[in-house]
Amino acid sequence: MKRFIYKKLFFIVLLMMPIVSVAQYSIDGPTTVNEGSTHTYKIYYNNSPTTLAAVEWFPTHLNPHTLSGHDINITFTNANNSGSESLYANITTDFFNYTIVGPITITINSPLDAGTIGGTQTICSSGDPSVLSSTALASNGNGSYNYLWQYSNTGSSGWTDISGATATSYDPGSTPVLTADRWYRRKVTSDGNTAYTSSVKVTVNPTPGAATGSDVTRCGTGSITLTASPGSNANSIRWYTASSGGTLLHTGTSYSPSISATTVYYAASYDNALGCETSNRTAITANVYESSLQVNGGQNTCSVSDITLFALSINAPVGTVHK
């Protein structure tokens, strides 16, 4: 009789206890993540979000080991288990009503690697930099990458996105004109993570100052020597036939062409170590006068108007006649 009563009481207690179906609850959130990324996980009930307050989460390798709330944010750092993380939740609504949901296995990819770039170079002011190349593409993450190039005028701060520069390599071109040093780097994003390559520097050498020189003169056809001094940031001279464009005739601080008529030459300051040249050329004229005339006393000249005549008259004093 007592045994029958005990069985009946136990059966009544079981009937009074709420029954929770594990299948009604599920964990919603990504199962593949990048190391360093943060993701939200929620409890779903019958495929819809629930706002149950009494939920304890148990990521297997996080510290602290438990988290509370109907949804949580987990940042997957290198403190997580290498390659994976298990996550389950304990739901409690009252003393008798609780259930364990999960676990789910979360695959953790290696940290995002931005790859490497090349293109360190030196140019002249207002020059055209060569292409900045990709020497290694991004890797790890979830395998899907978005690139964007940036520049800085200091190399340490003030990084600015370059609109449209989304390829693995980048050609700075001549616009905008570079008159000072500039640094470039490539940004990569993958699954909410961002990484940057080391920067490369484009060094911009200053424009040389204008050359200085004086006109020269000779009599008749023959060789004549022109000289010019380089301006600032230069160590040599380039000689041209025109004030812009034209033909390069010679490189050096002096130039000795053979001419038969007055000719204008154009001197440009030039740095033969860096290859930088001024755009402002200095005109130097080589004047050619008629053949020289020799008179008494051995004086040579190219113009009769420059002659001083010396005449000797018998029984008369020596005099000087000026034309």
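Visitor: Where is the place of proline 176?
Guide: Ground rules for this predicted model: local features need pLDDT of at least 70 and side-chain atom pairs count only at pLDDT 80 or more, while totals for chains, interfaces and linings use all residues. Residues are numbered from 1 along each chain as its sequence is written, and side-chain values use heavy atoms, with hydrogens and water left out. Helices (H or I, at least four residues) and strands (E, at least two) are DSSP runs, numbered from the N terminus. On that footing, proline 176 sits in the loop between strand E14 (160-161) and E15.

Visitor: What is omega for the peptide bond that joins threonine 175 and proline 176?
Guide: Most peptide bonds are trans. The bond between threonine 175 and proline 176 is cis, with omega about 0°.

Visitor: And which residue comes before proline 103 in the other cis peptide bond?
Guide: Proline 103 is in a strand, E9. With omega near 5°, the cis bond leads into proline 103 from glycine 102.

Visitor: Which strand supplies the largest share of the largest nonpolar core?
Guide: A nonpolar core is a set of buried Ala, Val, Leu, Ile, Met, Phe, Trp, Tyr and Cys residues joined through side-chain atoms within 4.5 Å, where buried means under 20% relative accessible area, exposed over 50% and partly exposed in between (1.4 Å probe, protein chains only). The largest one has 17 residues, and those with the most contacts inside it include Ile27, Tyr41, Ile43 and Trp57. Strands E1 (25-28), E3 (38-45), E5 (55-59), E7 (71-75), E8 (84-92) and E9 (98-109) each give it at least two residues. The largest share, four residues, comes from E9.

Visitor: How many residues are in another core, the one with Val216?
Guide: Ala228, Ile259 and Val288 are also among its members. That core lies apart from the largest one, and its residue count is 14.

Visitor: Where is the backbone oxygen that lies 2.9 Å from the side chain of serine 190?
Guide: Serine 190 is in strand E15 (residues 182-190), and it counts as buried because its relative accessibility is 1%. Its contacts (heavy atoms within 4.5 Å), leaving aside neighbours within four places in sequence, include Asn34, Leu112 and Gly143. The backbone oxygen 2.9 Å from a polar atom of its side chain belongs to serine 144.

Visitor: Which residue in E16 is the bridge partner of valine 188?
Guide: E15 and E16 form a hairpin with two residues between them, pairing in the antiparallel sense over four bridges (two strands pair if DSSP finds at least two). Along E16 (193-196), Asn193 and Ala195 point to one face and are buried, while Thr194 and Tyr196 point to the other and are not. Valine 188 has as its partner alanine 195.

Visitor: How many residues apart in sequence are the parts that the disulfide ties together?
Guide: The rule is a pair of cysteine sulfur atoms within 2.5 Å, and cysteine 124 and cysteine 276 meet it at 2.1 Å. The link is left-handed, at -100° about the S-S bond. Cysteine 124 lies in E11 (121-124) and cysteine 276 in E27 (276-277), so the separation bridged in sequence is 152 residues.

Visitor: Is asparagine 47 buried or exposed?
Guide: Asparagine 47 is in the loop between E3 and E4, and its phi is positive, about 70°, although it is not a glycine. With 70% relative accessibility, asparagine 47 counts as exposed.

How values were computed
A polar contact is a pair of N or O atoms within 3.5 Å; within protein, one must be able to donate a hydrogen and the other to accept it, and residues adjacent in sequence count only if both atoms are side-chain atoms.
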